[in-house]
Amino acid sequence: MNHLKHLDWPFFEDRHRALASELDAWCAKHLAHGAVDHEDVDASCKALVKALGAGGWLTHAVAGEGEAIDTRAICLLRETLARHDGLADFAFAMQGLGSGAISLMGTPAQREAYLPRVARGEALAAFALSEPEAGSDVAAMQCAAREDGDHYVLDGQKTWISNGGIADFYVVFARTGEAPGSRGISAFIVDAGLPGFEIAERIDVIAPHPLATLRFTRCRVPKSAMVGAPGEGFKVAMRTLDVFRTSVAAAALGFARRALEEGLAQSKERAMFGATLADLPLTQAKLADMACTVDSSALLVYRAAWERDQGRTITREAAMAKLMATEGAQRVIDAAVQLHGGRGVRRGEIVESLYREIRALRIYEGASEVQQLIIGRDLLKNG
């Protein structure tokens with residue numbers, strides 16, 4: 001099965017095709033299944049960030065002064081990494097998401113201080129938006145920042161923060177009160193180790209990733225650490241998520257593509273009733289459904305990425321891609337597990353790890369139900 005066939009689609013330029021092919025070869029060498037030890041997740045993530053930085057891949061996750069973020073490149077990179085190794089995709093994505101606000105709306109001084117280190121894999125980044133009572137509903141945010149001379153003083157909690165506990169800096173969103181609801185939120189760069197900032201809890205999840213709850217207690221942050229203008233935090237967050245929500249869909253696509261490959265291989269190899277599993281009409285129908293889901297997801301992902309790279313607003317398109325690719329990948333991976341029979345649920349099998357990896361993607365960066373609301377509201381507003 002040619003997993004690079006979609007690179008011929010008109011969404012891409014030759015530079016995108018070359019990039020994806022080069023990364024695929026790099027992954028085959030550095031990320032072969034079982035080659036990366038994931039037992040110590042923190043250490044693995046740090047090592048993967050360094051390796052991705054040394055390979056030059058993280059430069060595509062950030063934008064330098066005057067440069068635009070190439071959404072198609074980010075999506076191709078995430079799809080390729082996810083197809084090879086879920087934790088490598090996570091490591092790449094968090095460097096982009098954690099520094100995305102600085103790339104998009106940071107001052108020249110902020111960009112110079114953080115982005116080169118992120119791109120080299122020397123500084124780990126994190127995006128701190130969610131709270132215990134404010135996940136999908138950002139307007140319910142309670143974490144607050146009050147002005148105090150040349151500083152803001154942060155108090156409150158953030159939770160489900162990826163790279164929490166290992167990041168060198170966090171882009172933190174807090175209520176500054178310029179207006180009610182989402183219009184009174186600002187964004188701040190908070191360096192790890194700052195007095196009043198602590199890791200309150202490390203969180204274990206179904207597919208091990210570094211996650212944590214953060215606590216701020218009279219944590220003083222200089223005004224120069226604000227990203228964007230006061231009260232623009234929601235805008236900063238949404239602009240960042242518009243880029244990386246599409247890339248979540250691309251990661252799901254990578255997982256689904258690998259599951260289809262594993263399902264095909266298993267169907268051809270597994271003996272069944274004097275023939276192979278692939279000879280059964282039920283198997284052929286299942287494989288057909290899996291292939292249709294993969295291709296339809298890919299079309300939505302790269303339509304959204306292409307449209308954003310043309311300078312268009314993609315709120316609806318990104319939500320469609322995220323919804324369909326993550327939900328579709330769950331079905332494709334489940335089908336691949338079923339084709340493997342008992343092997344499919346054995347720890348260490350590729351399809352078993354894919355099954356654990358995909359579940360969170362239907363929740364983070366906007367749960368599937370939130371994507372449905374976004375699409376529905378946009379349809380009612382814009383037709």
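This is a short walk through a few strands, helices and cysteines of one structure.

The model is predicted, so a few ground rules help: local features need pLDDT of at least 70, side-chain atom pairs count only at pLDDT 80 or more, and totals for chains, interfaces and linings use all residues. Residues are numbered from 1 along each chain as its sequence is written, and side-chain values use heavy atoms, with hydrogens and water left out.

Let's begin with the strands. Helices (H or I, at least four residues) and strands (E, at least two) are DSSP runs, numbered from the N terminus. Two strands pair if DSSP finds at least two bridges between them. Strand β7 (residues 211-222) runs antiparallel to strand β3 (residues 151-162), and 9 bridges join them. Here Leu-154 stands opposite Cys-219 of β7. Strand β6 (residues 197-202) is also antiparallel to β7, with 5 bridges between them. Phe-197 has Phe-216 in β7 as its bridge partner. In a regular strand, side chains alternate between the two faces of the sheet.

Next, look at helix α4 (residues 86-105). The expected span of a helix is 1.5 Å times one less than its number of residues. For the 20 residues of α4 this gives 28 Å, and its end C-alpha atoms are 29 Å apart, which agrees. Even so, α4 bends by about 50° at Ser-99, where the bend is the angle between axes fitted to the seven residues ending there and the seven starting there. In α4, 20 of 20 residues are buried, meaning under 20% relative accessible area (exposed is over 50%, partly exposed in between; 1.4 Å probe, protein chains only). At the start of α4, a side-chain oxygen of Asp-85 comes within 3.1 Å of the backbone nitrogen of Leu-87.

Now move to Ser-267, in helix α6 (residues 233-269). Ser-267 counts as buried because its relative accessible area is 0%. Contact means heavy atoms within 4.5 Å, and, leaving aside residues up to four places away in sequence, Ser-267 touches Thr-276, Leu-277, Ala-278, Thr-283, Leu-287 and Leu-339. A polar atom of the Ser-267 side chain also lies 2.7 Å from the backbone oxygen of Gly-263.

Finally, how many disulfides does the structure hold? There are 0, counting a disulfide as a pair of cysteine sulfur atoms within 2.5 Å. For Cys-45, the nearest cysteine sulfur, that of Cys-27, is 15 Å away. Cys-45 counts as buried because its relative accessibility is 1%.

How values were computed: Polar contact = N/O pair within 3.5 Å; in protein donor to acceptor, adjacent residues only side chain to side chain.
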